[in-house]
Protein chains: 2
Amino acid sequence: MIVLRSPKGWTGPKEVDGLPVEGTFRAHQVPLAEVRTNPGHLAMLEAWMHSYRPEELFDGAGSLVEELFDLAPRSHRRMSANPHANGGVLLRDLELPDFFDYAVAVPAPGTVRAAATRVLGGFLRDVVAKNRGNFRLFGPDETASNRLGAVFETTDRAWDAERLPVDDHLAPEGRVMEVLSEHLCQGWLEGYLLTGRHGLFNCYEAFIHIVDSMFNQHAKWLKVTRDIAWRRPIASLNYLLSSHVWRQDHNGFSHQDPGFIDHVVNKKAEVVRVYFPPDANCLLSVADHCLRSKNYVNVIVAGKQPELNWLDIDDAIIHCTRGAGIFEWASNDADGMPDVVMGCCGDVPTLETLAAVELIRQRLPQLAVRVVNVVDLMRLQPEGEHPHGMSDAEFDALFTTESPVVFAYHGYPWLIHRLTYRRHGHHNLHVRGYKEEGTTTTPFDMVMLNDLDRFHLVMDVIDHVPGLASRAGHVRQEMSDRRLACRQYTRRFGEDPPDIRDWTWTP
Amino acid sequence: MIVLRSPKGWTGPKEVDGLPVEGTFRAHQVPLAEVRTNPGHLAMLEAWMHSYRPEELFDGAGSLVEELFDLAPRSHRRMSANPHANGGVLLRDLELPDFFDYAVAVPAPGTVRAAATRVLGGFLRDVVAKNRGNFRLFGPDETASNRLGAVFETTDRAWDAERLPVDDHLAPEGRVMEVLSEHLCQGWLEGYLLTGRHGLFNCYEAFIHIVDSMFNQHAKWLKVTRDIAWRRPIASLNYLLSSHVWRQDHNGFSHQDPGFIDHVVNKKAEVVRVYFPPDANCLLSVADHCLRSKNYVNVIVAGKQPELNWLDIDDAIIHCTRGAGIFEWASNDADGMPDVVMGCCGDVPTLETLAAVELIRQRLPQLAVRVVNVVDLMRLQPEGEHPHGMSDAEFDALFTTESPVVFAYHGYPWLIHRLTYRRHGHHNLHVRGYKEEGTTTTPFDMVMLNDLDRFHLVMDVIDHVPGLASRAGHVRQEMSDRRLACRQYTRRFGEDPPDIRDWTWTP
């Protein structure tokens, strides 16, 4: 390596209008700003340009002289053909284990619990084991906290410095890059991808905002390089956001922010993908897909707490592949139009929606309910806006054009409106999500604070299904009362009532 | 100051299940995770708790013993009453110069040019001069680049270290805090505000994303402390975003990102305010307002290039105070319903809209056009969603419920949809804005790349006014041809055609 240290603005004007320029901060600006109007500036510019002796560099027709032209490397020695500058040339697909092997057995929906990221951890352990030298896991000291600790069965944290006896899984050859700096994790991963390798960045959801600006530049780079013929695709930049907004029990308001999704969705549609697997098997399917993809930014949001599983692995694959679909087993509208569509996107919103559906079946059994779950957020956009976008016909068939839609979403509710405002049924879409209400409290109190809880979803159904408001007054009051009772229980015992905490789906 | 360095987890369990805890990373987690199920853990917890000798600290009823209770300071010596922890107690209003004195004379709309931030610089210079010790300007080495250089007539950049002869305006007592780290600028300003002073952070629009996460925490802090009775209000956190997305002529795509606005608007409505003054006098009025406000985050977006001025200072004050309004002098629909409403928000979109209106007057003189300019973005929201939100009646009176609205917006267009999706006329609202298309090119090419240019706005009007499409086919083609001609001109001469660059408003 040669390090050349030169004065800033070297060879440019030493002084302009009596002020020093070369070697000072002024060389960072436009050193001669008035060449069009100030003949003195124009003369200095001319002298400066002449100092490069263009008559020796170019021939009479303005072409580079042959001797210099010949200095430029040819063919594969050109910079653009050099894999150091075009890492995609070196890219080798990952050898992925079969994710079926890690699947959670789900004999019936909503009865078996699993921590989604812990299940993923087993898969990632074997991704690491099969791809040493081609895959790394990045994250701000949260690999264990995000329940991916299984990777330490096969590898360590990368560490070249002194080790103490109490240290845990540190080694120079470790495949896990851990440091409490999201900036470093992002920068490391970008460099790793740009040199032709693969990786996954796991992070607390709220703190991924720290790299908003770095994500911007990577997404812009991907957008621009898609149109550069010689640039070979690189592996996608994969984010796994866990320890998310709804499960910050002992952290609180400072750790609650689902806005990175909104930030990502502002970037070019052909570059960004956002996934909300509702359970462990769906997370396996989505992660496998993302690790195979190229030239995208994939954001996966998944919880780390033990939660109910809805789909066995076969159904999970079908559901994730279509990206959005009806949960037939939770719907009772097969014979005709639904009275209400219950949309959901995200693990916690899916749980609350299904618990609400069960309440509706018990208390308002005459209601025809359809449950639509969205895994791939971009499916909601019109097909002209995003490559994953649904046609209007497809959207109408899922959500109807007439029935009210009560939609429970993981993040800020207005994002769903932003994605769907041109859809036929949008006037009848009512979204619940995080509205920046939070504190250090129980999981169920968190959803109650933001009106995303099962009881409030039932109230929303009562409020929006035509004619139901007056007939269902008693049920509505019961739902309101149960919210208050749950709030009281949390204040008294410091945890959620057992019938909430231990709820399972009854078919 | 006393610095106490103690082992992590000091006094906690030294070892749990054979692994060291006190003084290791494990003390950062829950040291005894199984107290409910593991009697050994429970016993260790009990021993640990007993080690604090609670029987000496509390009486039989569980109250703190009097001797200890008496140690706590009383009245104004309590931490909450200490101005070091409650800077609002020290807050003194700024002595603001009369911003009328800095106004640009605007004898007629759209004829006089001024660089908005340069005009503001004069005002800020005198804010600094009148408030030494109570006001600072913060920014990443862009004070001059953002045209606020007038402040250096009265102060310097704060600098305590060695100075070289070529240095410019450095001094220990300087009121301008400049460092090429948006993180430091944000942190310094937060500290300054929290200790009871006032400030303004000026930044390139695209790079303010660097502090997204820090902004989050400050906004959350403001939201929470509003409900804490003893917390006194602090001065607002004021951002001036300049060198914005539409004027990055020699920088390009990496410097083009208006998404901080979207990020800010996700936070609690009672805390955030976003302003788009369309010209220099409006910027003066908005800045004066923001510097007087408390407990908000104010975002002001304003260009630094010489641009046309639309309003004299009296009209500017009225317009900014109402936050959104009809430009009567640019509208010709006073006698009845407009055929089209031309909405605009932001300096460049306002320019393009008015140029489009002039084209419509020339080519489609039969069309009744209303121009509505929005300064205060939050006015677009429903009144139930934001304290500045308009009632539906007010919104309908401005934008109508039936006429198509062609809305030119500074940032990502979907933000306008997100703010207005519940409005009566929303189905007929068509927004142009930045859609992540950009490069290093001319100002007019930038708006053309994103279909925000005057010609495309005329095409949008033709496309959306019922019945106009077939009648105005010739005009539409002319507009499309003029776009192509402008593009060609930029490629040939490296700048915008003079009739675009030098355009002024003809009444």
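Modeller: Before we start: strands here are DSSP runs of E at least two residues long, helices are runs of H or I at least four long, and both are numbered from the N terminus. And keep in mind that this is a predicted model.

Colleague: Okay, let's try that out. Where does K14(B) lie?

Modeller: K14(B) sits in the segment before β1 of chain B, and β1 covers 15–16.

Colleague: What makes K14(B) count as partly exposed?

Modeller: K14(B) has 13 C-beta neighbours inside 10 Å. Exposed needs 12 or fewer and buried needs 20 or more, so a value in between is called partly exposed. That is where K14(B) ends up.

Colleague: Which residues is K14(B) in contact with, leaving aside its neighbours within four places in sequence?

Modeller: P20(B), V21(B) and E22(B). As for R175(B), 161 residues along the chain from K14(B), the two C-alpha atoms are separated by 51 Å.

Colleague: On to S75(B). Why does S75(B) count as exposed?

Modeller: It's the same kind of count: S75(B) has 6 C-beta neighbours inside 10 Å, and 12 or fewer makes a residue exposed. So S75(B) counts as exposed. S75(B) is in the loop between α3 (66–69) and β3 (113–115) of chain B. Its phi is positive, about 50 degrees, although S75(B) is not a glycine.

Colleague: And T400(B), buried or exposed?

Modeller: Buried: T400(B) has 20 C-beta neighbours inside 10 Å, and the cut-off is 20 or more. T400(B) also has a positive phi, near 65 degrees, in a residue other than glycine. You'll find T400(B) in the loop between α11 (392–399) and β16 of chain B.

Colleague: How do you know that α14 of chain B is largely enclosed by the rest of the structure?

Modeller: Helix α14 of chain B runs over residues 454–464, and nine of its eleven residues are buried, so it is largely enclosed. The buried ones are R454(B), F455(B), H456(B), L457(B), V458(B), M459(B), D460(B), V461(B) and I462(B).

Colleague: What covers the buried residues of α14(B)?

Modeller: The cover includes β14 (340–345), α10 (347–363), β16 (405–409), β17 (429–432), α15 (468–471) and α16 (473–493) of chain B.

Colleague: How do α14(B) and α16(B) pack?

Modeller: At an angle of about 155 degrees, with their axes 9 Å apart. That makes the two helices, α14(B) and α16(B), roughly antiparallel, because the name applies to angles over 145. α14(B) passes α16(B) in a left-handed crossing.

Colleague: Which residues of α14(B) and α16(B) meet?

Modeller: F455(B), H456(B), V458(B), M459(B) and I462(B) of α14(B) meet V475(B), R476(B), M479(B), S480(B), R482(B) and R483(B) of α16(B). By class, that contact has six nonpolar, two polar and three charged residues.

Colleague: And at what angle do helix α14 and helix α16 of chain A pack?

Modeller: About 155 degrees there, and the axes are 9 Å apart. So α14(A) and α16(A) are roughly antiparallel to each other. α14(A) passes α16(A) in a left-handed crossing.

Colleague: Let's look at both chains. How do you know that the relation is that of a two-fold axis?

Modeller: A turn of 180 degrees with a shift of 0.0 Å along the axis lays chain A on chain B with an RMSD of 0.1 Å. That is the relation of a two-fold axis. In chain A, the C-alpha nearest the axis belongs to R418(A), 2.5 Å from it.

Colleague: What makes you say that the copies meet through the same surface?

Modeller: 100% of the interface residues of chain A are also interface residues in chain B, so the surface is the same. The contact takes 28 residues from chain A and 28 from chain B.

Colleague: Which helix gives the most to the side of chain A that touches chain B?

Modeller: α6(A), with seven residues. Helices α6 (212–225), α7 (260–265) and α12 (414–420) of chain A each supply at least two. By class, this side of chain A divides into nine nonpolar, ten polar and nine charged residues.

Colleague: Last one: how many helices and strands are in chain A?

Modeller: 17 helices and 17 strands. Of the 507 residues of chain A, 47% count as buried.

Notes:
Residues are numbered from 1 along each chain as its sequence is written. Chains are lettered from A and ligands numbered from 1 in the order in which they are written. This is a predicted model: local features need pLDDT of at least 70, side-chain atom pairs count only at pLDDT 80 or more; totals for chains, interfaces and linings use all residues. Copies are superposed by least squares on the C-alpha atoms of residues with pLDDT of at least 70 in both. Two residues are in contact if their C-beta atoms, placed from the backbone, lie within 7 Å. Axes are lines fitted to C-alpha atoms, for helices over the stretch in contact, and angles run from 0 to 180 degrees between N-to-C directions. Angles under 35 degrees count as roughly parallel, over 145 as roughly antiparallel, 65 to 115 as roughly perpendicular and the rest as oblique. A crossing is left-handed if the near helix is turned anticlockwise from the far one by less than a right angle, and right-handed if clockwise. Ala, Val, Leu, Ile, Met, Phe, Trp, Tyr, Cys and Pro count as nonpolar, Asp, Glu, Lys and Arg as charged, and the others, Gly among them, as polar.
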